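Please open the model in your viewer and keep the selection tool at hand, since this tour goes from one selection to the next.

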Amino acid sequence: MREKIVYAVGLIAVAIIAFDLYRMTQIGEEANQGAIFKIIFFHVPVAITAMICAAAALIASVLFLITKNFTFDALAVSVTEVGLAFLAANLVTGSIWGRVIWGVWWAWDARLTSALVCWLLYAGYLMLRHAIEEPTQRATFAAVFSIFAFIDVPIVIFSIKWWRTQHPQPVFWGGGSFPKEWLPIFLWNMLAMVMLGIVLTVVRLRQENAQRELDSLRRMAHAL
Amino acid sequence: MSFFRLVGVVAVKDLRAELRTKEAINASFGFALVILILFSFAFERSIEGVQEISGGLLWIVFAFAGTLILNRSFARELPNDCLDALISAPIPGAALFLGKAIANFVLVLAVELVSLPVFGIFYSVDWTKQIWELLLVLLLGTWGLTVIGTIFSALTVNIRLREVMLPMLTYPIMVPALLGAMQLSSALVAGKPIGPDNVSWLKMLAGFDLIYTAASMVLVETVLVG
C-alpha cells in the first residue's frame, strides 16, 4: 500500500511538470532574453529543492549522532544523493542559460561557483562513505562530515559572492520583476520538484534499508 | 592537569616526535619547492604578473605542502596502537585535538616561512612590503587549514585510501579560507595594505577559524570514540 502511495505521488509530480511544460509554451517570451528565460521555471525550483535536501541531511545527521538509530543514517545518505542530483540539474540548467545569454558555458560567476563547490562538498560525503567498511563508523563519520559541509555552505556562498558578482540579481527578492501570471507555473513546478525529491528519497531509503538487512543476513550466514 | 597544560603536553609530544625524525616536514618542504619550480613553467614571470597571482600561487603551495604534514598527524599514531593509547588516556578529546592542531600549525607555518623567501628569490618579488599584515594573514589562514586538516586527519586515519581522501575532503571545505587568504596575500605582496575594500576578507578568515575550531572541538570526541 505504501509503495503505491509513493509511486502515485511520483506520477502526480510528473503530471504537474508535463502540464506546466504545456503552459510554458502558452506564455509570452521575456523582453530581453527571449525563450531561454523560461529555464528559470526549472532552474530555481531544483536549486531550492537541493537546499531543502541539504537541510534535511543535516537534521538526519544530527539525529543519527544523538540517537544512533541507523534509519537516520539511511535517510541522510538518501537525501544527500537526491540533493546532489537536483544540484547537478541546477548547475546544468544554469550552464545552458549562460551559454545563450553570456555566450560561454561557464563564467566563474558567484552563484555558479558556489553551487559547484557545494556539489563537490556533498560528493565528498558520498566518497567518504564508500571508503569506510564498518557500518557504525561509516554512519558516524559521514554524519560529522555532513555537519561540517552544512556549516560551510553559507560561508562558501558569501565568500564567493564577495569574490565576484556577475549573476543576474534574483528576480524574486532582488528588485527584479516577475510577471504575476507566471507565478502559478513557477509555484506548481516548485511543488512538483519537492514531491519528486521526496519520492526519490523514499525509494532510495528503501534500497538503503534493504541493503542493511542484506548485510546483516550475510554476516549471520558467515557466523554460522 | 589543567586543560591547557594537557594541550601543551600533546603539542610538545607531537613536535618532538616530528623533530626527531623530520620525515613529514622534510617531505613537505621538498614538495613546496617542487611546486614553486613547476609554477614557473606555467606562468608568465613578469613582476606585475607574478604579483597579481602571488596570493593564489603561495596558498596553493601551502595547501598542497601542508596536506603532507596533516596526513601524518594521526597516521603517525597507528603503529604500536599509539592511537588507542591516546584515546584511552584520561584527557578530553578536545585537548588531544587542540594539541595536535597546534603542533601541525607550527610545522605548516615553518614550511610556509621557509617557502616565502624562496618564492621571493625565484620570482624576484619583494614580498616584505607589508610584512606584518602578511604575517597576520599567514597566521589566520594557516590556522584555518590546520584545524580542518587535523579533524579530517582524525576522520580519515582508519579508512582505506587515506592519502587520497584527505585532500579530496578538505580542499572543498577550505575554499572560503583559501579564497580569503589568496585575495589578501596578493594585495599585500603587491604592497597594498589592508583597507576598507578587503578588510571583510580578514573578518571572514577569522570567523572561519573560530567556527571550525569550535565545531571540531565539539565533534572530535565523536570522531575518535564513535
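Which residues in α3(A) meet which residues in α4(A)? Bear in mind throughout that you are looking at a predicted model. To find the answer, select residues 70–101 of chain A, which form helix α3, together with residues 110–131 of chain A, which form helix α4. On the α3(A) side you should pick out A:V77, A:T80, A:E81, A:G83, A:L84, A:L87, A:A88, A:N90, A:L91 and A:G94, and these meet A:L112, A:A115, A:L116, A:C118, A:W119, A:Y122, A:A123, A:Y125, A:L126 and A:R129 in α4(A). Coloured by class, this contact shows 14 nonpolar, 4 polar and 2 charged residues.

Now turn the view until both helices can be followed along their length. Their axes come within 10 Å and cross at roughly 150°; because angles over 145 degrees count as roughly antiparallel, α3(A) and α4(A) are described as roughly antiparallel to each other. The crossing in which α3(A) passes α4(A) is left-handed.

Next, show both chains and select where they touch, a contact that takes 25 residues from chain A and 22 residues from chain B. On the chain B side, α7 (162–189) and α8 (199–225) each supply at least two residues, and the largest share, 9 residues, comes from α7(B). By class, this side of chain B has 17 nonpolar, 4 polar and 1 charged residues.

Finally, look for the largest nonpolar core, which has 122 residues, and among these A:A76, A:A142, A:F145, B:I151 and B:L178 touch the most other members. The largest share of this core, 15 residues, again comes from α7(B). End at B:I151, which, leaving aside residues up to four places away in sequence, touches B:F97, B:S216, B:V220 and B:V223.

Methods
Residues are numbered from 1 along each chain as its sequence is written. Chains are lettered from A and ligands numbered from 1 in the order in which they are written. This is a predicted model: local features need pLDDT of at least 70, side-chain atom pairs count only at pLDDT 80 or more; totals for chains, interfaces and linings use all residues. Axes are lines fitted to C-alpha atoms, for helices over the stretch in contact, and angles run from 0 to 180 degrees between N-to-C directions. Helices (H or I, at least four residues) and strands (E, at least two) are DSSP runs, numbered from the N terminus. Angles under 35 degrees count as roughly parallel, over 145 as roughly antiparallel, 65 to 115 as roughly perpendicular and the rest as oblique. A crossing is left-handed if the near helix is turned anticlockwise from the far one by less than a right angle, and right-handed if clockwise. Two residues are in contact if their C-beta atoms, placed from the backbone, lie within 7 Å. Ala, Val, Leu, Ile, Met, Phe, Trp, Tyr, Cys and Pro count as nonpolar, Asp, Glu, Lys and Arg as charged, and the others, Gly among them, as polar. A nonpolar core is a set of buried Ala, Val, Leu, Ile, Met, Phe, Trp, Tyr and Cys residues joined through C-beta atoms within 7 Å. A residue is buried if 20 or more other C-beta atoms lie within 10 Å of its own, exposed if 12 or fewer, and partly exposed in between; C-beta atoms are placed from the backbone.
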